[in-house]
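User: Please take a close look at one part of this protein, the place where its two domains meet. I would like one connected account.

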Amino acid sequence: MSSSNSSSELVNGFGRVIGVGSYLPKNILTNDDLAKIVETNDQWITERTGIKTRHISDPEVDTTESMAIAAAKAAVKDAGIDPLEIGLVIVACTTPNVLFPALSTSVQAAVDADNAMCFDMNAACPGFLTAFVTAQNYIKAGTVDCALVVGAENLTNYVNFEDRGTCILFGDGAGAVVLRSEKDQQYDAIMRAAGKRGECMHCESVMQKGREMTEEFRKATYINMDGQTVFKFAVTEVPKVIEDLLGRTGTDADDIDYFILHQANRRIIESVAKRLKQPIEKFPMNIEKTGNTSSASIPILLDEMKQQGLLGQGNKKIVVSSFGAGLLWGAFQTEI
Ligand SMILES: CC(C)(COP(=O)(O)OP(=O)(O)OC[C@H]1O[C@@H](n2cnc3c(N)ncnc32)[C@H](O)[C@@H]1OP(=O)(O)O)[C@@H](O)C(=O)NCCC(=O)NCCS
């Protein structure tokens, strides 16, 4: 839907989050369950990651598409808008069950957002961040007034349950937000990429003409990760990008109500809090119950925070930051 503003007076502000929703599969995989599959234990996983349980998709019930739709419907309902107001649907997803048409078109159909343009984004764990930043730029440009941004992942389809270094980390789920232009909405973002350092997280498509299904290739089609390299990247770059963003917006870290970080590892979040000299209470977490849900992690957490009454009426200052395969990372600051 195009803006109704006259060309001489562009009044579109950035988008304010007016609705949030999420979906988590019913199946739960505990650390003790994992200890029956690989050589690990609850104490090791809890101490190194902060994860106790993760929701995993039920192949009879859940697809990436169905989870994206459930989260999107909840967000549109929460926003209380006519879906025809939505001008843009973006689904951030690295693990779609259908390669085309784009998942965003299924979401569009399911929520009756018949005036929306649609596309998907693959930016791994910071996919939601990337989609949110993209939607904000469409809104600010006046191209659309209202956007639905979804992060959805069925990561356990790509988890190698023989690899104890990765299978303990990931879970499935979806989250969504609705953004609508508001004249005075405050927002800024910094996004960064280092493709030259991308080898440390890697997953190949199984559909490659001429590739023989050797053991080596089979393993390459699961999530492969050098955990320590990713850990060091996150604890170095995430605080830096947040400090740069706060510097640019002229905001003191003390004035931020919440730092909402990608839920990958409790120790990464604690390290960022320490580096920013901020109390850990300002870093909401649900990693203990969800594990790392990649591009779904931030909107799932936002929905949980809303249900706990932690999000305000546009009067809470938040910084959202994420990182992951690519390497990609970034942060945005807004009011919610
Ligand atoms: C994966 C991760 C938890 C591993 O923790 P770590 O403290 O770095 O552990 P290491 O890889 O150094 O391994 C230490 C030892 O524990 C072992 N180990 C690895 N996984 C284990 C598990 N699940 N259970 C028990 N032992 C395990 C290793 O084999 C190693 O043993 P060794 O010393 O005998 O060789 C951690 O590196 C991490 O979380 N990295 C970030 C990953 C991430 O967030 N990725 C997603 C980004 S979006």
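Analyst: What follows covers the domain boundary, the core, the ligand shell and the second domain's strands and helix.

The model is predicted. The domain assignment splits the protein into domain 1 (15–185) and domain 2 (188–335). Their centres, taken over C-alpha atoms, are 14 Å apart. Across the boundary, 44 residues of domain 1 are in contact with 41 residues of domain 2.

Which elements build the domain 1 side? Strand E1 (15–23), strand E3 (53–55), helix H5 (127–140), strand E6 (146–153) and strand E7 (173–181) each supply at least two residues of the side that touches domain 2. H5 gives the largest share, six residues. By class, this side of domain 1 has 22 nonpolar, 17 polar and five charged residues.

Now the interior. The largest nonpolar core has 88 residues. Within that core, Ala71, Ala147, Leu148, Val149 and Val150 have the most contacts. Helix H3 (residues 64–79) provides the largest share of the core, ten residues. Why does this core lie between the domains? Domain 1 (15–185) and domain 2 (188–335) both give residues to the core, so it lies between them.

Leucine 148 is worth a separate look. Leave aside its neighbours within four places in sequence. Leucine 148 is then in contact with Ala72, Ala75, Val76, Ile86, Val89, Val111, Ala113, Ala176 and Val178. Another core, of 14 residues, lies apart from the largest one. Leu29, Ile51, Val159 and Ile168 are among its members.

Next, the ligand. Its shell draws at least three residues from each of domain 1 (15–185) and domain 2 (188–335). There are 18 residues around the ligand, and Thr40, Gly227, Phe231, Ala264 and Gly324 come nearest. Helix H2 (42–49) and helix H7 (227–249) are the elements that give two or more residues to the shell. By class, the shell has eight nonpolar, eight polar and two charged residues.

Domain 2 also holds a set of paired strands. Take strand E13 (residues 328–335) as the reference. E13 is mostly covered, with seven of its eight residues buried. Strand E8 (residues 187–193) runs antiparallel to E13, and seven bridges join the two. Tyrosine 187 has threonine 334 in E13 as its bridge partner. Strand E12 (residues 317–324) also pairs with E13, in the antiparallel sense, over eight bridges. There, valine 319 is bridged to glutamine 333 in E13.

What lies between E12 and E13? The two strands form a hairpin with three residues between them. In that turn, glycine 326 has a positive phi of about 150°.

Last, helix H10 (residues 297–307). Eight of its eleven residues are buried, so the helix is largely enclosed by the rest of the structure. The buried ones are Ser297, Ile298, Pro299, Ile300, Leu301, Leu302, Asp303 and Glu304. Just after H10, glycine 309 takes a positive phi of about 75°.

To pull the threads together: both domains give residues to the largest core. Both also contribute at least three residues each to the ligand shell. On the domain 1 side of the contact, H5 supplies the largest share.

How values were computed
Residues are numbered from 1 along each chain as its sequence is written. This is a predicted model: local features need pLDDT of at least 70, side-chain atom pairs count only at pLDDT 80 or more; totals for chains, interfaces and linings use all residues. A residue is buried if 20 or more other C-beta atoms lie within 10 Å of its own, exposed if 12 or fewer, and partly exposed in between; C-beta atoms are placed from the backbone. Helices (H or I, at least four residues) and strands (E, at least two) are DSSP runs, numbered from the N terminus. A residue is near a molecule or strand if its C-beta atom, placed from the backbone, lies within 6 Å of it. Ala, Val, Leu, Ile, Met, Phe, Trp, Tyr, Cys and Pro count as nonpolar, Asp, Glu, Lys and Arg as charged, and the others, Gly among them, as polar. Domain bounds come from an automatic or database domain assignment. Two strands pair if DSSP finds at least two bridges between them. Two residues are in contact if their C-beta atoms, placed from the backbone, lie within 7 Å. A nonpolar core is a set of buried Ala, Val, Leu, Ile, Met, Phe, Trp, Tyr and Cys residues joined through C-beta atoms within 7 Å.
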